[in-house]
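The following exercises are meant to be worked with the structure in view. Each task is followed by a solution that proceeds step by step.

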Amino acid sequence: MKFSVADLLDQLPAGEPLPITKLEKALGLSNSRDKAMLLIGVDALVKLGLLEQAEQGLQRCDTPELIPARLRCSSKGFCFALREDGGEDIYIRDHELNHAWNGDRVLVQVTREGGRRRSPEGGVRCILARQTTSMLAQVEEQNERLVALPLDDRLLTAVTLPAGDSSYLDPEQHSVVEVAIDRYPVAQFAPQGHVARRLPIRGGEAADLDLLLTKHRLNTRSTAPRTALKSLAAKERADLTSQPCLLISGWQGRNAPELAALALEEREGGWTLWVHSPAVAERLSANGSLDLWLREQADALCTGRQWLPLLSPGLIKATAWKPGESQAALSVALELSPEGVLEHYRFCRSLVKPVATVGAEALEALAERKPKARTTPAALKPIKEQLGQLEALVGLTTQLHQRRLAQGSIDLKLSMPLIDSLGDLAVPSPEGGGQGWFVELPAHHPTAILREAFLMAEMALGDHLSALNLPAIYALNPPPEAADLNDVARAALALDIPLELGEEGHASGAELAAAFAATDRCRPLQQQLRGVLKPVSLSEQPGRHAVAGLSEEERDGRPAALAPWCCPTLHYVDIWNQQLLTLLLSEGKDRPSVRHKIGVDLAADSCHGTIDWALLPNSALAPFQQTRDQGLLQRLNGRRRFLVEFEADLLAMAQARQAEPLVGQVLPGVISGVQSYGFFVEVPPSQVEGLVHVSSLKDDWYEYRSRQNRLVGRKNRRTYMLGDAVEVEIQKVDALRHQIDLAVPMAEGADSGEAAIPHTESGDPEIDPFTPVAVLSEA
């Protein structure tokens, strides 16, 4: 079927019916089979009360009791529905799933309200969109039936295969298969599928990447539509080709995206920082075939040594930077005070000519260069004439970084391990604060420079589009909950970490990060803090962005606003905001009528508060509003979560492969987490994390003390607590499931009797670690 329930509902405007013929056209349905499937779907949705059917067409029903959410399941059989509106997660019992799978978008109805220490409970009433269209699995025979057992144990089902797929049986488990889903479960009928191909388990780095791409359904990306790109006339652009702008990047992988160029000019009373972003949006038609294709791609993906680009080959070629060659850009001039405070800004469509590329090697040489050195290191000779500008740029971005931290932003010392196969993934992205924190970097790192410049430019555009009331997409990052931060602070205090609390007895996330950085338990404590920070999300309304240092209100009493636009080669949301900016600069009405001789400067912040006329015709803005109303933000936010999961899987696979040759060896590690069922240990240098299960601790009975993040032996009083150094033996590595089994070597003469069931501080037997909050609270 070419459409999902979510696609169907998104096409129906609120408050007015839509004829079925227009719905067929909107969904791109042309043949009779697809149209018949649409009628079946419509009939089902009418019976569910989601649609009303009248002579004028179909209309959505108001169903506030049905909550859009995405399922997150456990291998133990329970699930939570993560609400799209940011509300409290809803516990879903297995008999209330109604054939929904992990990752599916669903409509959930609450059946039991939550309470103190209890999650609300509910059931799935409708599946909006299926997440899993294919899966990695192993083929087995069960009760004279051939089935595929998913490697992802969160998919709580077996898929029936045709008898002809018996050739894929592999008792030695040297391979897995890709299974395409032909039919999802219906009533009493199990799901059906077929084997698409076999994949080796130990085929090297390229085979591992193929496994991951297949798992995340990235091995068959759609081809970009063939369409002519718009040509950009130089006469309509500000000529900035005499400006010595610099290309700064730490990425070296194949197909690595182009990033914005920077230039810095000293002026009376401060600095002017220029950010020049590749002019991507101007080269395509809004809502055209290429624009729609880019929306579906949503993001560029780093796979380690190479990238899966967001842009089409034609766009990549048209927007590529080359030192010494002119290129079209969208630019902003940021006027900053000597203290790094943004005073004014102005945008423009420009023509620029980068003078040089500055990589990590050159910046490292600049950091190591002595101030009065007479010789120039080899890495700096190609940019000798730009050293003054580069040093000033490093100094300014360092100042911006310090201001950001002072405003509550959080940097953590949680960089990725140096594993060759990770390639560019180990180099933080300039806008890589999506999880509510930034990786701490030295001042001369390429990302450290770009990050501060991009944040300032995107705060300027957010402020501008918000002030002009244009339909931008904003990035939001609310601060963590005080209760969650208090839990992390209590865990630190139990480890005798000195903390300074505020007047109300609370510590902010930034204060905790700084306090943890000064201890010998920095990494595990900052990992605990990372777990309570809220991710960045996209919204049609401006709002606080904690990791960028944006408070509730910013300029002139307006709400805080950050609109991404500097990285159109990385994210579609940047292309969207570039489209709006281009529309404003090219078609915006700068005066009420032609009778007015003097207009306002729509490109600058000086126009704020002076406009009482329509900047753009409704016909130009309606497509933006309509597209946002049709679920664009939900899809882009979903792709952001997908990107995080894919990168986490890529890292886990690389770490597991590093651990495989170490099976049987005893190595030093650090306890990174403690639970009732055991403790997790990070083993350097790959920082691979494995579990020491409590059942393997046979020298004593161990009690779990959650408030202190430790396990304590009843007899010998031996403790295992967060941040402790410990030696562990790597016993088993499952690279496909990213599971590492560890054990603590037993001291000679230690009691090797049966290990006890772990107990809590109260002495009661601890519940299964995967028991949901709702059940724990009842216990």
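**Exercise 1: Two packed helices**

H11 and H12 are roughly antiparallel to each other. The model examined here is a predicted one.

Task: Determine at what angle helix H11 and H12 pack, and why they are called roughly antiparallel.

Solution. Two packed helices are described by the angle between their axes and the distance between the axes. Helix H11 covers residues 509-517, and it packs against H12 at an angle of about 165 degrees, with the axes 8 Å apart. Angles over 145 degrees count as roughly antiparallel, and therefore H11 and H12 are described in this way. In passing H12, H11 makes a right-handed crossing.

The next step is to identify the residues that meet. On the side of H11 they are Gly509, Leu512, Ala513, Phe516 and Ala517, and on the side of H12 they are Cys522, Leu525, Gln526 and Leu529. Sorted by class, the residues of this contact comprise 7 nonpolar, 2 polar and no charged.

**Exercise 2: A second partner for H11**

Task: State whether H10 is roughly parallel or roughly antiparallel to H11, and list the residues that make their contact.

Solution. Helix H10 spans residues 482-494 and packs against H11 at an angle of about 20 degrees, with the axes 10 Å apart. Because angles under 35 degrees count as roughly parallel, H10 is roughly parallel to H11. The crossing of these two helices is left-handed.

H10 contributes Leu485, Val488, Ala489 and Ala492 to the contact, while H11 contributes Gly509, Leu512 and Phe516. The contact of H10 with H11 holds 6 nonpolar, 1 polar and no charged residues.

Burial within H11 completes the picture. Gly509, Ala510, Leu512, Ala513, Ala515 and Phe516 of H11 are buried. The buried residues of H11 pack against H10, H12 and strand E22 (411-412).

**Exercise 3: The closed barrel**

Task: Find which strands form the closed barrel, and which helix packs on this sheet.

Solution. The barrel has 5 strands, in the order E26-E27-E28-E33-E32, and its pairing is mixed. Neighbouring strands of the sheet are turned by 50 degrees against each other on average, direction ignored. Helix H12 (residues 522-530) packs on the sheet, where it touches E26 and strand E27 (678-683). The direction of H12 makes about 30 degrees with that of E26.

One pair of strands can be followed in detail. Strand E26 (residues 666-675) pairs with strand E32 (residues 725-734) in the antiparallel sense, over 5 bridges. Valine 670 has alanine 725 in E32 as its bridge partner.

**Exercise 4: One residue of the barrel**

Task: Decide whether aspartate 734 is buried or exposed.

Solution. Aspartate 734 lies in strand E32. Its relative accessibility is 18%. Buried means under 20%, so aspartate 734 counts as buried. The C-alpha atom of aspartate 734 is separated by 45 Å from that of valine 42, the two residues being 692 residues apart along the chain.

**Exercise 5: Strands around E6**

Task: Establish in which sense, and over how many bridges, E6 pairs with strand E3 and with strand E7.

Solution. Strand E3 (residues 66-73) and strand E6 (residues 105-112) pair in the antiparallel sense over 5 bridges. Here isoleucine 67 stands opposite valine 108 in E6. E6 also pairs with strand E7 (residues 121-129) in the antiparallel sense, over 7 bridges. In this pairing valine 106 stands opposite isoleucine 127 in E7.

Notes: Residues are numbered from 1 along each chain as its sequence is written. This is a predicted model: local features need pLDDT of at least 70, side-chain atom pairs count only at pLDDT 80 or more; totals for chains, interfaces and linings use all residues. Side-chain values use heavy atoms; hydrogens and water are left out. Two strands pair if DSSP finds at least two bridges between them. Helices (H or I, at least four residues) and strands (E, at least two) are DSSP runs, numbered from the N terminus. Axes are lines fitted to C-alpha atoms, for helices over the stretch in contact, and angles run from 0 to 180 degrees between N-to-C directions. Contact means heavy atoms within 4.5 Å. Angles under 35 degrees count as roughly parallel, over 145 as roughly antiparallel, 65 to 115 as roughly perpendicular and the rest as oblique. A crossing is left-handed if the near helix is turned anticlockwise from the far one by less than a right angle, and right-handed if clockwise. Ala, Val, Leu, Ile, Met, Phe, Trp, Tyr, Cys and Pro count as nonpolar, Asp, Glu, Lys and Arg as charged, and the others, Gly among them, as polar. Buried means under 20% relative accessible area, exposed over 50%, partly exposed in between (1.4 Å probe, protein chains only).
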